[in-house]
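Here is a short briefing on one protein chain. Look over the sequence and the model first.

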Amino acid sequence: YNLPNLEEDAPQVVFSREVLADVFLGNITTWSDPRIQDINPLLRNVLPNATIGIVYRSDQSGTTETITRALSLFSSEWNRTVGFGLSVDWPVKTHPALSSGGVVSTVMHNANSIGYVG
């Protein structure tokens with residue numbers, strides 16, 4: 001993730017399985033959502049009221065299969081509506097990227113975004 005307002009020594013943002021799935025589903029759309037704040041109490045007054053940008057692989061990828069398989073296990077809604085595979089129809093299509101390096105670069109250049117790499 002890229003949250004430029006966090007100090008370098010701030011605690012890392014953590015996600016429960018359910019919250020992570022809801023972020024990628026678009027059910028949680030801002031960093032200040034109470035469900036994110038509840039599991040990050042030390043960041044409660046720091047997480048921005050900003051839209052979460054989703055960075056995803058636009059090419060076929062084993063990394064995409066791995067994350068979507070996990071999200072399918074974490075969330076029955078994800079499993080039912082998106083499923084898993086080398087390429088899926090992402091519910092939130094903010095920032096497509098080619099390759100893992102592209103995901104890293106896109107997250108780094110887009111404030112308030114989150115992505116996945118393997």
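The points below cover the fold, the core and the surface.

This is a predicted model, in which local features need pLDDT of at least 70, side-chain atom pairs count only at pLDDT 80 or more, and totals for chains, interfaces and linings use all residues. Residues are numbered from 1 along each chain as its sequence is written, and side-chain values use heavy atoms, without hydrogens and water.

**Fold**
- The protein chain has five helices and three strands (DSSP runs: H or I of at least four residues for helices, E of at least two for strands, numbered from the N terminus).
- Along the sequence the pattern reads α-α-β-α-α-β-α-β.
- The radius of gyration (over C-alpha atoms) is 14 Å, close to the 13 Å that the globule rule gives for 118 residues, so the chain is as compact as a globular protein of that length. That rule is 2.2 Å times the number of residues to the power 0.38.

**Core**
- The largest nonpolar core (buried Ala, Val, Leu, Ile, Met, Phe, Trp, Tyr and Cys residues joined through side-chain atoms within 4.5 Å) has 26 residues.
- Val 13, Val 23, Phe 24, Ile 36, Ile 52 and Trp 90 touch the most other members.
- α1 (17-25), β1 (53-57) and α3 (62-74) each supply at least two residues of this core. The largest share, six residues, comes from α1.
- Phe 24 touches (heavy atoms within 4.5 Å) Ile 54, Leu 71, Trp 78, Trp 90, Pro 91, Val 92 and Tyr 116, not counting residues up to four places away in sequence.

**Burial**
- Buried residues (under 20% relative accessible area, 1.4 Å probe, protein chains only) make up 46% of the 118 residues.

Key: Buried means under 20% relative accessible area, exposed over 50%, partly exposed in between (1.4 Å probe, protein chains only).
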